[in-house]
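Hi,

Here is the structure I promised to pass on. Have a look at it first, and then read on for what turned up.

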Amino acid sequence: MNILSALSLVWGILAILGMVVGFIPCFGSLNYLNIPFAVCGLLFSIFALVLSSNKEYAIAGCVLCAVAIFLGAIRLVLGFGVF
């Protein structure tokens, strides 16, 4: 297991956890912090995907970060940023 791919998976898990907390009412503004965090994680996961030999964890990190970005953005639009 390559350290870059493992870190990208951990980053994706943290992005998903931040997104889940952002779905709690009155914590929607957390997505303003979580979306840039997930974008950085997506870029890091793509970097790990290119450089690592074990690509499964890097792919999982890419998917988790992309889901966190997508659902977090939808949550911001539907909740007007706060609710």
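**How the helices pack, and what sits between them**

Helix 2 and helix 3 run roughly antiparallel to each other, because their packing angle of about 155° is over the 145 degrees that this label requires. The axes of these two helices are 8 Å apart, and helix 3 covers residues 55-78. The crossing of helix 2 and helix 3 is left-handed. Please keep in mind that this is a predicted model.

Next, the aromatic rings, which I think you will enjoy. The structure holds two aromatic pairs. In one of them, tryptophan 11 is paired with phenylalanine 37 at 5.5 Å centre to centre, with 40° between the planes. That pair is tilted, since its angle falls between the 30 and 60 degrees that bound the stacked and edge-to-face classes. It links distant parts of the chain: tryptophan 11 belongs to helix 1 (residues 3-22) and phenylalanine 37 to helix 2 (residues 31-51), 26 residues apart.

How buried or exposed are these two residues? Tryptophan 11 has a relative accessible area of 25%, so it counts as partly exposed. Phenylalanine 37, with 30%, is partly exposed as well.

The other pair is made by tryptophan 11 and phenylalanine 44, again tilted, with 5.4 Å from centre to centre and 35° between the planes. Because tryptophan 11 lies in helix 1 and phenylalanine 44 in helix 2, this pair ties together parts that are 33 residues apart in sequence. Through these ring pairs, Trp11, Phe37 and Phe44 are linked into a cluster.

One more residue deserves a look while you have the model open: serine 8, which is also part of the story of helix 1. Is serine 8 buried or exposed? Its relative accessible area is 0%, so serine 8 is buried. A polar atom of the serine 8 side chain lies 2.7 Å from the backbone oxygen of serine 5.

Which residues does serine 8 touch, leaving aside its neighbours within four places in sequence? The contacts are Phe44, Ser45, Ala48, Tyr57, Ala58 and Gly61. Phe44 therefore turns up twice here, as a contact of serine 8 and as a ring partner of tryptophan 11.

Happy to talk any of this through.

Best wishes

Methods: Residues numbered from 1 in each chain as written. Predicted model: local features only at pLDDT ≥ 70, side-chain atom pairs only at ≥ 80, totals over all residues. Heavy atoms only, no water. Phe/Tyr/Trp six-rings, centres within 6.5 Å; stacked < 30°, edge-to-face > 60°. Helix = DSSP H or I, 4+ residues; strand = E, 2+ residues; numbered from the N terminus. Buried < 20%, exposed > 50% of the residue type's maximum accessible area, 1.4 Å probe, protein only. Polar contact = N/O pair within 3.5 Å; in protein donor to acceptor, adjacent residues only side chain to side chain. Contact = heavy atoms within 4.5 Å. Axes fitted to C-alpha atoms, helices over the stretch in contact; angles between N-to-C directions. Parallel < 35°, antiparallel > 145°, perpendicular 65-115°, else oblique. Left-handed = near helix turned anticlockwise from the far one by under 90°.
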